[in-house]
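Colleague: Please look closely at a single part of this model, namely its surface, with attention to nonpolar and charged side chains. I should also like to see that part set against the interior of the chain.

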Amino acid sequence: AEPVEPAPVERPDRLRRAYRPLLLATLRRPWLVLVGAAAILGASGAALPLLATNFLGDDGQTTVQVTQELEPGASLDAQLAAAEALSADLQALEGVETVSATVSSGARQFAAFTGGGGSGAITYGVIAAEGTDMRALRERVLEIGDAAEGEVLVGSSAGLGGSDIEIEVQAPTVDALEPATASVADAVAGLEGVAQVTDSLQGAQPLVQVAVDRELAASLGLSEAAVSGLVAQAMQPTPVGEIQLEGALVRIWLDAIAPAATLDELRALELPTPAGPLALADVAEVTEIEGPVSISTSDGARTATVTVTPEAADVGGVSAGVARALEGLELAGGAAGAGGG
């Protein structure tokens with residue numbers, strides 16, 4: 001038989017030579033491995049509160065959305081003046097390249113009595129240069145907003161999504177909703193890491209109320225609906241038909257020659273009755289009142305939303321702080337607050 005040559009001995013490479021002594025040491029003292037693993041696990045758990053939670057942060061965006069809320073019913077001229085003033089201040093900030101503003105009158109029925117205004121919200125888009133510290137820029141915008149007309153709110157940079165925390169406040173009545181919303185906003189405004197707190201309750205705007213005396217109107221051959229229709233026709237254009245012009249559909253509206261511009265002119269509006277023309281003030285009480293800009297309900301209860309804008313560093317920590325603040329908050333009048341995302 002031929003002798004069998006022994007297999008060549010494979011020389012360990014550098015990697016094996018590096019970890020072999022460590023592996024042998026751990027096999028000789030396994031208790032050291034367990035102690036070390038427990039120490040690492042404990043240190044990781046202790047450092048967990050220091051871990052910032054934020055999905056995208058500023059995600060490299062250089063745009064800041066700004067909203068300026070004026071008094072409800074602010075005229076278009078007043079909004080334009082406020083937009084020009086704030087735009088000039090924003091443009092003067094270091095690092096800002098472009099400032100765009102959007103102003104909308106949002107005129108409604110009877111808007112002539114309040115100067116033709118709407119909700120009074122102006123939106124701005126602030127574009128910064130590359131490399132600008134966006135967090136510092138938002139802080140400077142807020143400082144300018146404190147001295148500007150109305151309330152200035154700074155939103156998230158335009159990107160894939162926001163990191164705002166929304167709290168829904170519910171109450172059976174408006175009287176209970178307003179103080180409850182204010183309590184929730186105050187409770188979360190002082191939390192660490194909160195950059196801004198806003199709520200969806202807007203200030204009251206002036207409205208014209210026409211209260212028809214039903215019995216008197218009926219005795220004159222008029223109904224409440226008929227009086228309301230006549231007032232609406234006198235205050236805003238009325239559609240009367242449509243025609244085709246060069247292949248396009250054109251709507252025809254009938255507009256009042258001299259619509260009422262004041263409460264006295266509206267009270268003097270003549271209504272046609274079987275007994276002859278009659279002033280609106282003879283069958284209805286015309287007054288100016290203040291009403292809400294918008295009303296939201298959920299499951300039959302009045303609702304408002306408190307929005308918490310965290311700083312870019314730690315969304316998760318702020319969310320946990322908001323949850324703790326809501327747990328220890330007692331709201332009166334049957335109101336309740338629930339945190340969202």
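**The surface and its setting**

Modeller: Buried residues account for 27% of the 341 residues in the protein chain. The model is a predicted one, and its chain contains nine helices and 15 strands. About 21200 Å² of the protein chain is exposed, and carbon and sulfur atoms supply 55% of that area. Among contacts between residues at least 6 apart in sequence, 74% join residues at least 24 apart.

I begin with the nonpolar part of the surface. A patch is formed there by Val240, Ile243, Leu245, Val250, Ile252 and Leu254, which together have about 480 Å² of accessible area. Two strands, E8 (238–245) and E9 (248–254), each contribute at least two residues to this patch. Val250, one of the patch members, has its place in strand E9. Its relative accessibility is 33%, so Val250 counts as partly exposed. Patch membership requires over 30% relative accessible area, and the 33% of Val250 therefore satisfies that requirement.

The loop between E8 and E9 holds Glu246. Glu246 is not a glycine, yet its phi is positive, at about 55°. This residue counts as exposed because its relative accessibility is 86%, which is over the 50% that the class demands.

The strands of the patch also bring in charge. Arg251 and Glu242 meet through their side chains in a salt bridge, at 3.6 Å from N to O. Position 251 falls in the range of E9 (248–254), and position 242 in the range of E8 (238–245). Arg251 is exposed because its relative accessibility is 59%, whereas Glu242, at 46%, counts as partly exposed. A patch residue must have no salt bridge, and the charged pair is therefore outside the patch by that rule.

In all, the structure holds three salt bridges. Side chains of opposite charge can pair when their charged atoms come close. Another of these bridges joins Glu224 and Arg214, with the closest N and O atoms 2.9 Å apart. The two residues are ten apart and link distant parts of the chain, Glu224 being in helix H7 (residues 224–235) and Arg214 in helix H6 (residues 214–219). Glu224 has a relative accessible area of 33% and is therefore partly exposed, while Arg214, at 60%, counts as exposed.

The bridge between Asp264 and Arg267 likewise has an N to O distance of 2.9 Å. Both of its residues belong to helix H8 (residues 263–267), where they stand three residues apart, about one turn of the helix. Asp264 is exposed because its relative accessible area is 57%; Arg267 counts as partly exposed, at 27%.

Leu201 is a further nonpolar residue with some exposure: it counts as partly exposed because its relative accessibility is 32%. Leu201 is found in the loop between strand E6 (194–199) and strand E7 (205–212). Not counting residues up to four places away in sequence, Leu201 touches Leu177, Glu178, Thr181 and Ala304. Thr181 is 20 residues from Leu201 in sequence, and their C-alpha atoms are 8.2 Å apart.

The interior provides the contrast. In soluble globular proteins, nonpolar side chains tend to be buried together. The largest nonpolar core here has 21 residues, of which Leu90, Tyr124 and Leu137 touch the most other members. Two or more residues come to this core from each of strand E1 (63–69), helix H3 (76–91), strand E2 (96–103), strand E3 (121–128), helix H4 (134–147) and strand E4 (151–157). Another core, of 19 residues, lies apart from it and includes Val169, Leu177, Val184 and Ala325. Leu177 of that second core is also among the residues that Leu201 touches.

Leu137 shows the surroundings of one member of the largest core. Beyond four places in sequence, its contacts are Val64, Leu93, Glu94, Val96, Ala128 and Thr132. Thr132 has its place in the loop between E3 and H4, and with the same exclusion of neighbours it is in contact with Gly95 and Leu137. A polar atom of the Thr132 side chain lies 2.7 Å from the backbone oxygen of Ala129.

Key:
Residues are numbered from 1 along each chain as its sequence is written. This is a predicted model: local features need pLDDT of at least 70, side-chain atom pairs count only at pLDDT 80 or more; totals for chains, interfaces and linings use all residues. Side-chain values use heavy atoms; hydrogens and water are left out. A nonpolar core is a set of buried Ala, Val, Leu, Ile, Met, Phe, Trp, Tyr and Cys residues joined through side-chain atoms within 4.5 Å. Buried means under 20% relative accessible area, exposed over 50%, partly exposed in between (1.4 Å probe, protein chains only). Helices (H or I, at least four residues) and strands (E, at least two) are DSSP runs, numbered from the N terminus. Contact means heavy atoms within 4.5 Å. Patches are made of residues with over 30% relative accessible area and no salt bridge: like charges are joined within 9 Å, nonpolar side chains (Val, Leu, Ile, Met, Phe, Trp, Tyr) within 5 Å. Accessible areas come from the Shrake-Rupley method with a 1.4 Å probe; for residues, only the protein chains shown count as cover. A salt bridge is a side-chain nitrogen of Lys or Arg within 4 Å of a carboxyl oxygen of Asp or Glu. A polar contact is a pair of N or O atoms within 3.5 Å; within protein, one must be able to donate a hydrogen and the other to accept it, and residues adjacent in sequence count only if both atoms are side-chain atoms.
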